[in-house]
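Colleague: I'd like a close look at one part of this model, with the rest brought in as needed. Could you walk me through it?

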Amino acid sequence: MIWFLSLSPKTLNPKFHPPQITKMHIFHSISTKLSHSKSTFKSLTLFASLFLQSPKQFSQSTSIPKKQQRIRDHGFDDYMEVEKKNRKVIKFQDLLLTQPNSMIAISRLDMLARRFGFKQYEAGKFILKFPHVFEVFEHPVQRILYCRLTRKSLLQIEQEKQALLAQLPLAVTRLRKLLMLSNTGRLRLEHVRIARREFGLPDDFEYSVVLKYPDYFRLFDAKETRNKYIEAVERDPGLTVCAVESVREREYREKGGEEENVRFSFRVNFPPGFRIGKYYKIAVWKWQRLPYWLPYEDVSGYDLRSLEAQKRMEKRAVATIHELLSLTVEKKITLERIAHFRLAMDLPKKLKDFLLQHQGIFYISTRGNHGKLHTVFLREAYKKGELIVPNDLYLARRKLAELVLMSPRKAIVDRRLVNYRKQDDNDEIADHVENGGDHSNTQETVRQDSEEESMDSDEDCNIYSYDDCSINSGYAHKEVNNDDVTDDAEDTRVTE
């Protein structure tokens, strides 16, 4: 056993042997010597542990590794923490808007909120956390607690609706380009319906967009699967320009540089803490110069069996996901919804591992919905967790996040300021009565102020459709629209 321990590292490490001597030669020579020893089993165990457990060597390959560890970016993770609250708030907003007079009794809230995943008494606690969005009040007739949306929340919903209608022509263009990304020029209606919010499409886009523009879209039923499909009537060559091509052209005109380095390159911005070695830099430089077929180009006539063609198809998949994210309103979409378009757009099977190879272009966040959903961000479109070039629909949705993040103390102060004027008027009337003075003018002033306030409240009801101003004691039960609930359930069932 002493002779085995006296072996130098050069004897055990095959790196120091000539090329013709392999690990099998070393293993055979040492195992024959160990066979003459009495403690054969212990010696073989020690030898195997020393021989097989060699120190981990850093990769010296000039190609991008297939598997990489995800590096967190707190800017995007903080964004998703707020988005997680917004999703629950939106579900409660949709629930309230489907009820009579847009209000619901607190006693029925627990029962209806269970379909959202809330346990008993959790719905009431959740509502009290956001007093700028939800308001709890006592019914003047039934004398029970009700919940309704605040005026700020209704104003935000109305602003988002107006922004959605204003950008409807852009949504039509997005849908046309989305269909052109498909190999066959068609996509399932259900897959587009699940991702309608990301692409800025209204809830009734099947009628307001698809059937309204028969020159662009065609809706038909497949005989084999009995599913509805949306098909592009014709391919417009003017819409085949990708967003990354426009960025390349603009950067080349402003900064200049070699054409080969810019022609097929992508904007790369690695997250903080991402270790970039010498060989990895070389691999990224080679990948940036690699030509590829454009996402809108038809590749059915090419021979894809060669290694060079496979590399081009992998880079084409990166460009396709880049273009898909560029078509969204907020430049982000869940990984599970990208997987719905995987077969139609020739995307790889293991999407998560594939996107982790390009962490300088995309970022995958696991925050939100207890890690069951993965949200993919386009890194070049964000800076410090905010969209660089915002649009009206994005700004309207961010106002909901402002209401969610607003302190509850400010809501208490606002209520006190509303009642402050009424208390002053009542104190002024009491002082006149005690002094025996004529308080008819004061009463007239208070009456005029109350009439003005009532007129303002009536106008607000007309503007925001706030039916709570005339509260009825009876109400009828309505079913809740569960589109968002089924969307999340379908997303969690999709495998990567």
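Which residues of the largest nonpolar core touch the most other members?

Modeller: Bear in mind that this is a predicted model. The residues you want are I321 and F362, which touch the most other members of a core that counts 65 residues. Helix α9, residues 168–181, gives this core its largest share, with eight residues. There is also a second, separate core of 24 residues, with L109, F116, L149 and I157 among them.

Let's stay with F362 for a moment. Leaving out residues up to four places away in sequence, F362 touches V318, I321, H322, L325 and L355, and also V376, F377, L378 and R379. So the two best-connected core members, I321 and F362, are in touch with each other as well, because heavy atoms within 4.5 Å count as a contact and I321 is on the list for F362.

Helix α9 has a charged side too. R176 lies in this helix and forms a salt bridge with D236, with 3.7 Å between the closest N and O atoms. D236 sits in the loop between β6 (228–232) and α12 (243–255), so the pair ties together parts that are 60 residues apart in sequence. R176 counts as buried because its relative accessibility is 13%, under the 20% cut-off. D236, at 28%, is partly exposed.

Strand β6 takes part in another such link. E231, in β6, pairs with R186 in strand β4 (residues 186–188), and the two are 45 residues apart. The closest N and O atoms of that salt bridge are 3.3 Å apart. Here the arginine, R186, is partly exposed with a relative accessible area of 30%, while E231 is buried at 14%.

A third pair is R397 with E330, where the closest N and O atoms are 3.2 Å apart. R397 is in helix α18 (residues 392–405) and E330 is in the loop between α15 (307–326) and β7 (332–334), so this salt bridge ties together parts 67 residues apart in sequence. Both ends are buried: R397 has a relative accessible area of 10%, and E330 has 8%. The pair also belongs to a network, in which salt bridges with shared partners join E83, E160, R197, E330, K332 and R397. Across the whole structure, a search finds 23 salt bridges.

Another arginine to look at is R267, in the loop between α13 (259–263) and α14 (278–288). R267 is partly exposed, at 34% relative accessibility. Its side chain makes a polar contact of 2.6 Å with the side chain of E251. Beyond its neighbours within four places in sequence, R267 is in contact with V247, R250, E251, G360, I361 and E380. The C-alpha atoms of R267 and R248 are 8.7 Å apart, although 19 residues separate them along the chain.

On the outside, L128, V136 and L145 make a nonpolar surface patch of about 280 Å². L145 belongs to strand β3 (residues 145–149) and is partly exposed at 48% relative accessibility.

As for the whole chain, there are 21 helices and 11 strands, and 41% of the 496 residues are buried. Of the contacts with a separation of 6 or more, 68% are between residues 24 or more positions apart. The accessible surface comes to about 29,500 Å², with 53% of it belonging to carbon and sulfur atoms.

Definitions and conventions. Residues are numbered from 1 along each chain as its sequence is written. This is a predicted model: local features need pLDDT of at least 70, side-chain atom pairs count only at pLDDT 80 or more; totals for chains, interfaces and linings use all residues. Side-chain values use heavy atoms; hydrogens and water are left out. Helices (H or I, at least four residues) and strands (E, at least two) are DSSP runs, numbered from the N terminus. Buried means under 20% relative accessible area, exposed over 50%, partly exposed in between (1.4 Å probe, protein chains only). A polar contact is a pair of N or O atoms within 3.5 Å; within protein, one must be able to donate a hydrogen and the other to accept it, and residues adjacent in sequence count only if both atoms are side-chain atoms. Patches are made of residues with over 30% relative accessible area and no salt bridge: like charges are joined within 9 Å, nonpolar side chains (Val, Leu, Ile, Met, Phe, Trp, Tyr) within 5 Å. Accessible areas come from the Shrake-Rupley method with a 1.4 Å probe; for residues, only the protein chains shown count as cover. A salt bridge is a side-chain nitrogen of Lys or Arg within 4 Å of a carboxyl oxygen of Asp or Glu. A nonpolar core is a set of buried Ala, Val, Leu, Ile, Met, Phe, Trp, Tyr and Cys residues joined through side-chain atoms within 4.5 Å.
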